[in-house]
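Trainee: Could you take me through one part of this model up close? I'd like to look at the charged side chains that pair up.

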Amino acid sequence: MSGDKQIVEIFSDGACSGNPGPGGWGTLLKFGGAVKELSGFAAETTNNRMELTGAIEGLAALKRPCRVRLTTDSEYVKKGITEWIHGWVKRDWKNSQKKDVANRDLWERLLELTRKHEVEWHWVRGHAGHAENERCDELARAAIAVGRDRQ
């Protein structure tokens, strides 16, 4: 990462009770000494959609272009945005099997947001004691519980 902008750290996670089923996402943003937590619920979704939504909502919360270090436990999200998406776009949103890319709406939104920021992507193993990842998982699971209660 270059430049003199400070780095915003974003940690994101998604969870699903059943796949598909009720889902939640959690995001934690750190900048300087400030910490902001965000989370949300979807009544009928998939784990991959929630993983993508966590990253999207973290980036969408930024008010101006930033240098971002985004950490996820989803290889699907990290590899999708850093490796696979370029081929998908070239092939008009078809995957290597010439089928429509799943979750295209979310991938397009994530791509749009990454163009506004300088994003460095990091992967961590889920449920392995990474404090911020564990907190995002808690937020996602709590969102599922609250969402279910409201239905």
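**A close look at the salt bridges**

Mentor: Sure, let's start with D105, which is partly exposed at a relative accessible area of 43%. Keep in mind that this is a predicted model. Side chains of opposite charge can pair when their charged atoms come close. Here the side chain of D105 meets that of R49 in a salt bridge, 2.9 Å from N to O. This pair links distant parts of the chain, since D105 sits in helix α3 and R49 in helix α1, 56 residues apart. R49 is partly exposed too, with 24% relative accessibility.

Now try K94 and D100, whose side chains form a salt bridge at 2.4 Å, N to O. K94 counts as partly exposed at 30% relative accessibility, while D100 is exposed at 57%.

Next, find helix α4, residues 131-150, where R141 and D137 lie four residues apart, about one turn of the helix. Their closest N and O atoms are 3.3 Å apart, and they form a salt bridge. R141 is partly exposed, at 43%, but D137 has just 9% relative accessibility; that is under 20%, so D137 counts as buried. Elsewhere, E9, R69 and E120 are joined into one network by salt bridges that share partners. Over the whole structure, a search finds 11 salt bridges, so you've got others to hunt for.

Conventions. Residues numbered from 1 in each chain as written. Predicted model: local features only at pLDDT ≥ 70, side-chain atom pairs only at ≥ 80, totals over all residues. Heavy atoms only, no water. Salt bridge = Lys/Arg side-chain N within 4 Å of Asp/Glu carboxyl O. Helix = DSSP H or I, 4+ residues; strand = E, 2+ residues; numbered from the N terminus. Buried < 20%, exposed > 50% of the residue type's maximum accessible area, 1.4 Å probe, protein only.
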